[in-house]
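Dear colleague,

Please find below the structure that I am handing over to you. My notes on what was found in it follow directly after.

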Amino acid sequence: LPAERLIHLAWLDGVVTTLLSIIGVKQGYLLGPELFDFYIAAVMETWRTTHSYEVCAFRTRDDFKMTGRNINATGDDFSVPDSLYADDTGLPFCSRADLEQQTPLLMTHFADWGMEIHAGVLDPMVHSGLLD
């Protein structure tokens, strides 16, 4: 949490509580990861409720086939609006236009919460060491 920041908590019964955050979590603090989970959940929940764009949809079947699937194959559709794991957050965008439009908004949203995004394109071929 950033220093000297007001945090407003809205409870289900309509009560709003305001807390003054004056310090963050110390490095190595045992509750740090759990507190971060709550914090990033709030960041992403507010992102989802204040922004809309096409969410990527995928199709799967119970046969565990990973490659060679016909594009017209039937299966169960599911969408992935974002992916949160530890301190990594991923947001797949369905088009380059969505990426270019939403990324600056996302960076501003995270900055409003006192967070920083290290944005970039993850190229599996480069990061696997197969390409320089």
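A residue is called buried here when its relative accessible area is under 20%, and exposed when that area is over 50%, with partly exposed in between. By this criterion, buried residues account for 16% of the 132 residues in the protein chain. Please bear in mind that this is a predicted model.

Confidence and overall build

The mean pLDDT of the protein chain is 78, and 83% of its residues reach 70 or more. Confidence is highest in helix α2, with a mean of 89, and lowest in helix α3 (residues 124-127), with a mean of 49. Where pLDDT is low, the predicted coordinates should not be read in detail.

The protein chain contains 3 helices and 6 strands, arranged along the sequence as β-β-α-β-β-β-β-α-α. Of the contacts in the chain with a separation of 6 or more, 44% are between residues 24 or more positions apart. The chain exposes about 10700 Å², of which 60% is supplied by carbon and sulfur atoms.

The nonpolar core

In soluble globular proteins, nonpolar side chains tend to be buried together. In this model, the largest nonpolar core has 12 residues: Tyr39, Ile40, Val43, Met44, Trp47, Tyr53, Leu91, Phe93, Leu106, Phe110, Trp113 and Met115. Helices α1 and α2 each supply at least two residues of this core, and α1 gives the most, with 5 residues. Ile40 may serve as an example of the packing: leaving aside residues up to four places away in sequence, Ile40 touches Leu84, Thr89, Phe110 and Met115.

Salt bridges

Side chains of opposite charge can pair when their charged atoms come close. The structure holds 3 salt bridges. Glu45, Arg48 and Asp82 are linked in a network of such bridges.

Within this network, Arg48 pairs with Glu45, their closest N and O atoms being 3.0 Å apart. Both residues lie in helix α1 (residues 32-50), 3 residues apart, which is about one turn of the helix. Arg48 also forms a salt bridge with Asp82, where the closest N and O atoms are 2.7 Å apart. This pair links distant parts of the chain, since Arg48 belongs to helix α1 and Asp82 to the loop between β4 (76-79) and β5 (83-85), 34 residues apart.

How do the three members of the network differ in burial? Asp82 counts as buried because its relative accessible area is 15%, which is under 20%. Arg48, at 34%, is partly exposed, and Glu45, at 43%, is likewise partly exposed.

A further salt bridge joins the side chains of Arg96 and Glu100, with an N to O distance of 3.0 Å. These two residues are 4 residues apart in helix α2 (residues 96-112), so about one helical turn separates them. Both Arg96 and Glu100 are exposed.

A nonpolar surface patch

Leu9, Trp11, Val15 and Leu19 make a nonpolar surface patch of about 360 Å². Val15, one of these residues, is found in the loop between β1 (5-10) and β2 (16-21). With a relative accessible area of 42%, Val15 is partly exposed, and Val15 can therefore belong to a patch, for which residues need over 30% relative accessible area.

With kind regards

Key:
Residues are numbered from 1 along each chain as its sequence is written. This is a predicted model: local features need pLDDT of at least 70, side-chain atom pairs count only at pLDDT 80 or more; totals for chains, interfaces and linings use all residues. Side-chain values use heavy atoms; hydrogens and water are left out. Patches are made of residues with over 30% relative accessible area and no salt bridge: like charges are joined within 9 Å, nonpolar side chains (Val, Leu, Ile, Met, Phe, Trp, Tyr) within 5 Å. Accessible areas come from the Shrake-Rupley method with a 1.4 Å probe; for residues, only the protein chains shown count as cover. A salt bridge is a side-chain nitrogen of Lys or Arg within 4 Å of a carboxyl oxygen of Asp or Glu. Buried means under 20% relative accessible area, exposed over 50%, partly exposed in between (1.4 Å probe, protein chains only). A nonpolar core is a set of buried Ala, Val, Leu, Ile, Met, Phe, Trp, Tyr and Cys residues joined through side-chain atoms within 4.5 Å. Contact means heavy atoms within 4.5 Å. pLDDT is the predictor's confidence in each residue, from 0 to 100.
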